[in-house]
Amino acid sequence: MKQQLEQLLLAALRGLPAGTLPEPPDPAAISVERTRDPKHGDFATNVALRLAKPARRNPRELAQAILAALPPNELVARTEVAGAGFINFFLTADAYSQELARVHALGDRYGRSDLGKGQRVMLEFVSANPTGPLHVGHGRQAAYGATLANLLNAVGYSVSREYYINDAGRQMDILAVSTWLRYLEQGGEKLPFPANGYRGDYVFPIAAQLRTKVGAEFHRPATAVLANLPEDAPAGDKEIYIDALIERARELIGTDGFRRVLEVALERMLADIREDLEQFGVSFDRWYSERALGDSGAIDRALERLKTQGRLYEKDGATWFRATQFGDEKDRVVVRENGVKTYFASDIAYHLEKRERSFERLIDVLGADHHGYVARVRAGLEAMGEPGDSLEVNLVQFVSLFRGGEKVPMGKREAQFVTLRELRDEVGNDACRFFYLMRSHDQPLDFDLELAKSRTNENPVYYIQYAHARVSSVMKMLDARGFEFDREEGLANAALLGGEHEQAVLNSLARYPEALELAATNRAPHALVHYLRELANTFHTYYNAEQFIVADPKLRNARLALVEAVQQVIRNGLTLLGVSSPESM
RNA sequence: GCGCCCGUAGCUCAGCUGGAUAGAGCACCGGCCUUCUAAGCCGGUGGUCGUGGGUUCGAGUCCCGCCGGGCGCGCCA
């Protein structure tokens, strides 16, 4: 509807007498908006206000001229010039009847568009280090990323979802040594656990699995493990201590043995993360390993590319990238003094590699604490000759859990208490996805566990689902009363849907494609949540005001066609959000 | 200190990229079940949009200063 109106308006502007406008109209600058007040019609535009100045005309006068040039059409019943120079459009009842028919004809596809024109988008999200289970913050990123992928897909982008596995760095060595120490404990050794190790309970089953795999092969006495190690925190440095411990492990069980421990831990963690996300309804097209990236030589190639462009220099034994030349606040190390490439080096290599796989747009969903690093990755891309604006980063703010008004403590140490899995188990997937998505991602989220769990009217999840279930209930009752629903007859009599509430429902329905487009282009799933709430609200109001199952078959079928369309649109929307659409509640 | 995000009803938040009288939910008060699910509907109470300037026909929205909150500023990942 909106698009059709914009086309009409553009035609009108082009049809104005020569010399009215200083320059030909820019299609992108023409916007038609839904009105807030029905008195102002269905849609309104401010073009006359915007063009009044350059055209050196009175806005209302210009608005009249534009209306005079509006091509004849079946969409607009009448128009008016209002206020300072707004043009209001009142649509025909037929325009809404046609939209209703479109919902039924398109079904699951209603609302979809080709706005993205098939542009290839790489959406990277979650990408949590496989050193522990996902926590509630990752859950928000998962829900956001998965829904954003659905939204972009729905408006015509070709989206690829990717999880980047940081399986190459020192943190993996720390996980491996933590696993090995628990394994030794389970083998009867008494050892202190390092301050900087992974202390979570999830390490115990990994250690147990290691034992079923290798038996006592990697068992070493505690005395050998602990001999001549530096002091751990608090007296000593926990970083130095853990590095020495890793080195000791390699000495005692061999580099190869250590790698095998690491493999067991990595595989187990990845399997856990994967299963967690799958159960949450979040899937990826590819799990991309940082190690595989390094093995493929991609990192070396990226560094080579920077070098030939003259963007690298040596200082203090390390290799630096001139990020400051590309807007970053300081230069960045890519190869450390000890010869190890930094995480940043593999990260820009990964982003370059995405571009080489011919993705036009790269979207990263990251935790808010990663914002400092957007500028440097973009700098890296630009230095390698890629457009900086091909990378878009959406930062997801933190999640705070509340239980009965009390904030649940979630320091880095205690974070393991509140995993995504625990949250899902407690409140259920639907409430979980819904609560994650109902607030803007760039707003910190207060997640109220009691509210999410409550089966009362305080819980907003049910409000939308209930509207869906109510329609199913109506259809069941129809059957029980011995009626049959004749959709064709209903659509043919859509003109009977002239009541105030019916108009409101038709209006809400027709807004779905616009809501979808808005949510996708603004990367704002919460906009869809708000739309669905409004749609459910107009439906519930209608439900309370009118009987659908009436004696007159024409009116009955028309009303049923209307509420069935509501159900369809709610289902389409909830599906994009990853929330189920129950038939009964 | 520098950078990013933010400040809207008692609470939690929307506000469609600058439009017409600032909106929801919860909470609170009052109504609606012999009628398709009351997890619902209707009405009411509640606002100097943190603050001071600026830009213009028009600012919650854009720019600058200040106040307050969150996060980030490693040869860690």
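Start by selecting Ile 253 in chain A: a kink of about 105° in helix α9 is centred there. Keep in mind as you go that this is a predicted model.

**Stop 1: the bent helix**

Now widen the selection to residues 238–279, which is the whole of α9. Put a distance between the C-alpha atoms at its two ends and you should read 37 Å. A straight helix of 42 residues would span 62 Å, at 1.5 Å a residue. Next, go to the start of α9 and show the side chain of Asp 237. One of its oxygens comes to within 2.7 Å of the backbone nitrogen of Glu 239. Then move past the other end of the helix to Gly 281, which follows α9 and has a positive phi, near 80°.

**Stop 2: the whole chain**

Zoom out and colour chain A by secondary structure; it has 22 helices and 15 strands. The C-alpha trace spans about 90 × 65 × 40 Å along its principal axes. Of the 585 residues, 52% are buried. If you draw the contacts between residues with a separation of 6 or more, 72% of them join residues 24 or more positions apart.

**Stop 3: around the RNA**

Select RNA strand B and show the protein residues within 4 Å. How many residues surround RNA strand B? There are 66, and the closest are Arg 336, His 371, Tyr 466, Ser 473 and Glu 546. By character, this surface divides into 22 nonpolar, 22 polar and 22 charged residues. Looking from the side of the RNA, 67% of its atoms within 4 Å of the protein belong to sugar or phosphate, and the rest belong to bases.

Three individual contacts are worth a label each:

- Asn 537: an N or O atom of its side chain is 3.3 Å from a phosphate oxygen of RNA strand B.
- Tyr 543: a polar backbone atom is 2.7 Å from a base nitrogen of the RNA.
- Ile 549: a backbone N or O atom lies 3.5 Å from a base oxygen of the RNA.

To see which elements build the surface near the strand, highlight α2 (47–55), β4 (86–91), α6 (170–186), β9 (318–321), α17 (460–480) and α21 (525–545), each of which gives two or more residues to it.

**Stop 4: two buried residues**

Select Thr 147, in helix α5 (residues 136–154). Is Thr 147 buried or exposed? Thr 147 is buried, because its relative accessible area is 0%, and buried means under 20%. Leaving aside residues up to four places away in sequence, Thr 147 touches Arg 433, Leu 437, Pro 525, Leu 576 and Leu 577.

Then jump to Ala 345, which sits in helix α12 (residues 343–356). With a relative accessible area of 1%, Ala 345 is buried too. Show Ile 299, Leu 303 and Val 334 alongside Ala 345, as it touches these three when residues up to four places away in sequence are not counted. Add Asp 300 as well: Asp 300 and Ala 345 are 45 residues apart in sequence, yet 9.0 Å apart in space, C-alpha to C-alpha.

**Stop 5: helix α20**

Finish at α20, residues 512–521. Show the side chains of its buried residues Tyr 512, Glu 514, Ala 515, Leu 516, Ala 519 and Ala 520. While you turn the helix, remember that an α-helix has 3.6 residues a turn, so residues three or four places apart point the same way. Your last selection is Arg 523, which follows α20 and has a positive phi, near 50°.

How values were computed
Residues are numbered from 1 along each chain as its sequence is written. Chains are lettered from A and ligands numbered from 1 in the order in which they are written. This is a predicted model: local features need pLDDT of at least 70, side-chain atom pairs count only at pLDDT 80 or more; totals for chains, interfaces and linings use all residues. Side-chain values use heavy atoms; hydrogens and water are left out. Helices (H or I, at least four residues) and strands (E, at least two) are DSSP runs, numbered from the N terminus. The expected span of a helix is 1.5 Å times one less than its number of residues. The bend at a residue is the angle between axes fitted to the seven residues ending there and the seven starting there. A polar contact is a pair of N or O atoms within 3.5 Å; within protein, one must be able to donate a hydrogen and the other to accept it, and residues adjacent in sequence count only if both atoms are side-chain atoms. Ala, Val, Leu, Ile, Met, Phe, Trp, Tyr, Cys and Pro count as nonpolar, Asp, Glu, Lys and Arg as charged, and the others, Gly among them, as polar. Buried means under 20% relative accessible area, exposed over 50%, partly exposed in between (1.4 Å probe, protein chains only). Contact means heavy atoms within 4.5 Å.
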